[in-house]
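Got the model open in your viewer? Let's walk through it one selection at a time.

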Amino acid sequence: MGSSKLGADLYLAWRAAVVHPLRRLLDKEPQGKERFLANYGPEGLVPTTPRDKAMLAAAGRCISCGLCDQLDGQLGAVARGEYQGASLLPRQYARSSVELHRAKAAIEAIDPAAYRAGEAVCPTRVPLVAIAAWLQERLARVLSFAADEGRRLPPSTGC
Amino acid sequence: MSVGLRGRAVEGSIRADVVVIGGGIAGAAAALAARRKGRQVALVRRAWGATALSAGLLDLAPDPFASPAQPLGERRDVRGCIRALALRSPRHPWSLLAERLERLPALLGRAAEESGGRLRFTPLEAENRCVLTPLGTLKTSAGGQDAVLRGDLHHGGRIGVVGFARHPAWDAELLAASLAELATVAGLRCGAAAVPTDYLDRIDDYALRPLQLAARIEKDPDRLVQSIRRALPPGVDRLLLPPLLGTDDPAPVLAHLEAALGLPCAELPAASTAPLPGLRLQRLLEARLEAAGVQLLHGEATSDGDVAGLRVTAPLAPILDPSHFDEGRATAEPPPPPSHRVEAVAVVLATGRYVGGGIRRNGRLRESVFDLPVAIDGGIDPGSWPGSLTSVEKGGEQPAFRAGVAVDRQLRPLDRDGTPRDTRLFACGSVLAGNDPARDGAGLGLSWCTGWLAGEAACGEGG
């Protein structure tokens with residue numbers, strides 16, 4: 001028992017002190033952020049930037065009252081099955097970059113400036129115009145990581 | 001419905017006789033009251049609030065003995081209901097205004113007048129109206145929008161509840177069954193019949209938003225008439241319809257339906273699935289304010305603590321402007337938005353409670369503009385409230401719902417020592433302490449009355 005533990009410890013020490021440092025020096029595999037992106041970018045999981053955090057905090061102020069939906073200039077401009085109102089921006093689309101590509105048809109079709117009227121009446125001042133522009137930019141980031149890896153995200157299913 | 005927030009963003013200092021902060025029904029009443037006195041009035045609001053989300057009813061007080069087993073209670077008259085509420089809750093605004101209750105008919109008359117007849121109230125000597133809600137419950141109220149109050153169940157008869165097949169929110173069978181059961185419990189002499197129409201015939205029509213449905217009905221009400229005719233059972237005396245009869249004023253569509261079907265028609269009050277009555281009320285008030293010459297401004301108010309220190313800023317600070325981020329990293333703190341001075345003889349605080357943003361809780365409860373002390377049941381939040389402010393128990397105590405600014409009989413907000421913070425400052429509506437709208441049943445009707453009185457007080461009258 002004692003000798004096998006000693007053997008295991010020596011093996012771990014060998015791996016930590018020699019093998020891993022050498023591999024890091026010689027290996028051409030990307031490290032850090034690049035490796036993260038290589039692993040998760042194709043799935044739509046992109047790094048969260050300070051701007052993303054600011055937007056998510058702003059989207060979190062939504063109380064789902066639906067007032068912005070009543071002044072939504074996009075209704076009718078985007079296919080009904082793809083898009084059901086401005087309140088989806090902070091409540092649903094902003095939630096997860098992994099699922100964002102499913103709303104591709106809606107997000108690419110919306111015009112951020114069309115949310116000014118809805119934004120003005122929001123009781124909690126959710127910045128819909130900024131969130132719409134950010135979602136378009138975030139979607140482009142998600143899609144570009146997937147494209148860089150030559151992988152296709154699952155098709156949009158409507159939302 | 002294209003008109004959102006009316007007026008313009010704050011761009012410079014504001015000078016007016018009376019400045020109202022808050023644009024819900026209380027703020028609108030205060031502004032209109034001051035305009036009637038010939039004052040120059042500016043109304044500053046951040047956004048829409050609870051009025052735009054309301055049911056379209058203006059309730060004053062429910063029957064004190066109303067309960068699920070006896071929904072209409074003892075069927076007292078409205079005046080008796082208000083007095084009972086004032087007696088039961090000594091810190092309720094009705095209790096504070098007890099000496100001025102004789103002015104109520106005049107105040108409610110102003111609401112009807114200012115709305116061009118779209119708002120109306122039952123006489124104080126009569127009992128509350130009773131309407132079916134889209135949730136299948138009964139709601140009593142002394143006043144509200146005409147299209148909703150037409151559905152008063154006291155009219156009796158066999159009521160056809162119109163719904164849309166394929167639409168989960170408007171199940172005619174379910175609503176009619178609820179109405180039949182509740183009418184029996186409440187002792188109302190009315191029957192119920194389902195009118196499940198095929199108005200929504202496309203497979204994706206369920207996804208239509210209330211506004212789109214309302215626009216469709218407004219454009220071609222005959223199509224709705226035809227689908228109702230196909231589903232209408234014999235012997236129906238009147239119809240209750242979803243609150244979707246037009247995007248603005250439902251009166252033209254109602255008149256069309258009544259003429260075509262030969263039956264009295266009414267709308268149900270608003271629900272989360274169809275918030276149009278609340279939205280219509282908000283837009284009606286804003287249109288009336290604009291027509292009355294009230295300066296409507298979009299902005300946020302802050303103060304050092306009194307009327308002299310009141311300032312306003314433009315509504316949306318550019319904190320999320322992409323120019324403040326370089327490749328996603330924050331580069332600099334955005335500059336604070338410019339704030340502008342307010343010069344006013346008097347200020348009316350009508351900022352509402354939690355939805356309107358008049359009361360906030362960030363560690364302690366605080367009033368958001370003047371940092372007035374927030375009172376619950378006579379106590380003032382010392383920093384962290386002892387005990388829970390909310391309860392998950394059905395019928396449990398909800399002290400948070402009664403939180404607000406304590407005022408004297410002239411509606412002047414009180415400081416911690418019980419004296420008015422500023423003799424030129426008045427408060428009204430949901431920001432007032434003591435009214436729990438869920439438990440006390442006094443909502444927009446109370447807000448209108450306190451708003452009007454605060455507006456008059458700001459002009460140096462009343463009290």
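Here is a short tour, going from chain A to the interface and then into chain B.

Keep in mind that you're looking at a predicted model, so start by colouring chain A by pLDDT. The average for chain A is 83, and 92% of the residues score at least 70. Now pick out two helices: α1 of chain A, residues 2-26, has the highest mean pLDDT among the elements of that chain, at 90. Helix α2 of chain A, residues 32-40, has the lowest, at 81.

Next, show both chains and select where they meet. On the chain A side you'll find 24 residues in contact with 36 residues of chain B. Together the two chains bury about 2,600 Å², and carbon and sulfur atoms give 63% of that area. Show A:Gln70, A:Arg80 and A:Arg125 as sticks: these three supply 32% of the area that chain A buries against chain B, more than any other three residues.

Now hide chain A and select residues 25-36 (helix α1) and 276-291 (helix α10) of chain B. How do these two helices run relative to each other? Their axes come within 10 Å and cross at roughly 20°; since angles under 35 degrees count that way, α1(B) and α10(B) are therefore roughly parallel. The crossing of α1(B) past α10(B) is left-handed.

Finally, turn on side chains for the contact itself. From α1(B), select B:Ile25, B:Ala28, B:Ala31 and B:Leu32; from α10(B), select B:Leu281, B:Leu285, B:Arg288 and B:Leu289. That set divides into 7 nonpolar residues, no polar ones and 1 charged.

Note on methods
Residues numbered from 1 in each chain as written. Chains lettered and ligands numbered in written order. Predicted model: local features only at pLDDT ≥ 70, side-chain atom pairs only at ≥ 80, totals over all residues. Heavy atoms only, no water. Axes fitted to C-alpha atoms, helices over the stretch in contact; angles between N-to-C directions. Helix = DSSP H or I, 4+ residues; strand = E, 2+ residues; numbered from the N terminus. Parallel < 35°, antiparallel > 145°, perpendicular 65-115°, else oblique. Left-handed = near helix turned anticlockwise from the far one by under 90°. Contact = heavy atoms within 4.5 Å. Nonpolar A, V, L, I, M, F, W, Y, C, P; charged D, E, K, R; others polar. pLDDT = per-residue confidence, 0-100. Buried area = accessible area lost by both parts, 1.4 Å probe.
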